[in-house]
Amino acid sequence: MTATLACEGLRKRYGDVTAVEDVGFSIAPGQAYGLLGPNGAGKTTTISMLVGLLRPDAGTVLVGGTDLAADPRRAKARIGYVPQEIALYPELTGRENLRFFGRLFGLARRGLAGRIEEVLDLIGLSDRADGRLDTYSGGMRRRINIGAALLHRPDVLILDEPTVGVDPQSRKAILDGLELLVGDGMSLLYTSHYMEEVERVCDRVAIIDHGRIIAEGTRRELIAMVGSADKIELVLDGDVEAAYAKLRTVEGVIEAARTGAESVRLIAEGGRYLLPALISAVEGSATVTATQVIEPDLEATFLHLTGTSLRD
Amino acid sequence: MWRAMLTVSALELRTRLRDGTAIVIAVIVPVTLATLFGLALGGDDPPLRATVGFVDLDHGEFPASVRREVLASEELKGAVTLRDLPGEEQARRALDAGEIGSAIVFPAGFSQSVGAGRGGDVAVLTSPESPLAGVVAGAVVDRISAVVDARTLAVHAVLLAGVPGERVKELVERNGAAGPALTLAEDPLSGGKVDLSVYYGSGMAALFAFFVVGASFRGLLTERKLGTLDRIRAGPVAAWVPVAGKGVVGFGLGVVSVCVCWASSTLIFGTTWGDPVAVFAVLVAHVLAAAAITMLVASRVRTDAQADGVIMVVSFVAAFFGGSLVPLYDLPEPLRAVALLTPNGWTSTALTELAGAGAAGSVGAVAGPIGVLCAIALAAGGTAVAGFRKGLLL
């Protein structure tokens, strides 16, 4: 199957500084792909090359099999680009902004009005479409910013930090909308500072640092890179010492430690599935009154691979 | 792609009209300033006084007739003074020193040569500092040429008829063929008058053309700041669309602006800028050059604020040295040479020529300045496109 968006060997240098080196990945139809990296890692440079704003020093970009360098207009017609900033005209209304970009991107006049209504409905701004953009809240502007990229029904939507500075309600609306789009078969390339957004929206994730992709895979594959053991916190009532001795012998438990008079911490494989066996094991000695299973997450993987927090 | 360009143009025009910059910069300010300057300083210019050098190496009837005619002319009385000079070299020195505005040089044997039907050459020395004196000398020599032609023709005819050479002169004059008597045109000064309202009207038009077209190219930098330029470039449109879309509107508004200045000057002061087709051609060429120069500025600066500053400096420098603020003849000689480096200098020269020539002017008469303006546009525009490729296009 032809990838909706594929790049290979992308390189961009500014003098002696290498912004991006040998970046490559592939996004299948209907796949949501996340690009994670700290500030200055090369995310925006990569995206700029993918949408044709920067000419790479080396490497290729294929959009639905079309070489971006050889046939940029055809390739770009399949891309919806949502820049990091609100790239819209503040003196125009939301609807006028959409109409401008719709016409610019070649939508026929006859179908444009209907398509604008569809997009407004999708981003939940039908009732505010005729207000000037400079009267919108940050979240509403973000949503119109995304809407302008959807007008020409692109095959792949490229979003560069689309939720920066928005309120939780708008963020939820944006993420809900993106999940709908992916559900309808649109491919997605998503960069964000918010790990939970990437974890929620994306099927596959690449971690980029110092201009290079240092890890790539599904969420589970990435997490497995730093080990798959879960942390299980138990609170016990009864003979805690005897219960602790029993818990250490349960199959799957790698490590155990007393963390208090009534609490025990276990390191185990597949912690969530192990809970019934743990509860059964302490029967007769103690009762489990509270449990907490902490699974390793992408944030931990990110920290492990880059040595820095995503928000640094 | 044309549809995409028209979409950009439509938004640009709408924005310029909505924020009022189009009306204010293109119409209200230049027309108001030109009118105020015209009212305050308008009138015939340069002052109707000129000294014409007179070099008579011939001492024959032609120079005598010219002297007589000039001194007798009612139109020239009090305005033109003849100053005798011993030779052409002295006349040149006096001209360079500004002591005379032009000179007419009759070579030795001129009258005799004409009388014998061999014609003759009269030299006219002029200076751009005194267009009036040049016009007077030119008018006089035009009349001399007509008389010489008539006399030469008559002599040839008589000789062909078999009249002996020694009787030719007597026969020609007796039979009324134009002799050395010379009559000046009704108003030899008519071609030399250029009302200051024309200078200032055309000057303001030339100056504000830069601001009008510059605002559109500045808009490209504003769009880059907003991020909308990148958004357009990331879409399925050709790279030249945003530049061309805005440039077309800037150029169109620039042409409207200069034409409004021209129309208002003509209507308010009742003056003429000369042949309309030629004037329009000069103005369009000027706007083209201004568009290319401001595009070059936009391609070389980083922000719209920088563009504002640089365009303002470029506009005023070109306007000052190019005769848009001060008539060229009022500038010292070295600065007049600098004028030729500015589009305004060529525009001012062409429009002054057309205004001075009145109905006799034509596109052909100002083809040189128009050509130079187009060359400036080509050079600046080409350099700008190369600059855009590095920053705004690719």
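Which helices of chain B each supply at least two residues of the nonpolar patch? In this predicted model, the answer is helix 1, spanning 2-18, and helix 2, spanning 21-41. The patch lies on the surface and is formed by Leu13(B), Leu17(B), Ile23(B), Val24(B) and Ile28(B). Together these residues have about 400 Å² of accessible area. Helix 2 of chain B makes the greatest contribution to the patch, namely three residues.

One member of the patch may be examined individually. Ile28(B) is located in helix 2 of chain B. With a relative accessible area of 44%, Ile28(B) is classed as partly exposed, because that class covers values between the limit for buried residues, under 20%, and the limit for exposed residues, over 50%. The value for Ile28(B) also satisfies the accessibility criterion for patch membership, which is over 30%.

The patch may now be placed in the context of the whole chain. Chain B comprises 394 residues, of which 52% are buried. Its secondary structure consists of 15 helices and four strands. Among the contacts in chain B with a separation of 6 or more, 77% join residues that are 24 or more positions apart. The area that chain B exposes is about 16,700 Å², and carbon and sulfur atoms account for 64% of this area.

Attention then turns to the interface with chain A. Here 23 residues of chain B are in contact with 30 residues of chain A. About 2,400 Å² is buried between the two chains, with 60% of that area given by carbon and sulfur atoms. On the side of chain A, Leu53(A), Arg73(A) and Leu104(A) supply 26% of the area buried against chain B, more than any other three residues of that chain.

Polar interactions also occur across this interface. Nine residue pairs are in polar contact between chain A and chain B, counting pairs in which both residues have pLDDT of 80 or more. The rule finds one salt bridge between the chains. The side chains of Arg14(B) and Glu96(A) meet in a salt bridge, with an N to O distance of 2.7 Å.

Several elements of chain A give two or more residues to the side that touches chain B: helix 2 (72-76), strand 6 (79-82), helix 3 (94-104) and helix 5 (138-150). Of the residues on that side, the largest share comes from helix 3 of chain A, which gives five.

Conventions
Residues numbered from 1 in each chain as written. Chains lettered and ligands numbered in written order. Predicted model: local features only at pLDDT ≥ 70, side-chain atom pairs only at ≥ 80, totals over all residues. Heavy atoms only, no water. Patch = residues over 30% accessible without salt bridge, like charges linked within 9 Å, V, L, I, M, F, W, Y side chains within 5 Å. Areas by Shrake-Rupley, 256 points an atom, 1.4 Å probe, with all protein chains shown as cover. Salt bridge = Lys/Arg side-chain N within 4 Å of Asp/Glu carboxyl O. Buried < 20%, exposed > 50% of the residue type's maximum accessible area, 1.4 Å probe, protein only. Contact = heavy atoms within 4.5 Å. Buried area = accessible area lost by both parts, 1.4 Å probe. Polar contact = N/O pair within 3.5 Å; in protein donor to acceptor, adjacent residues only side chain to side chain.
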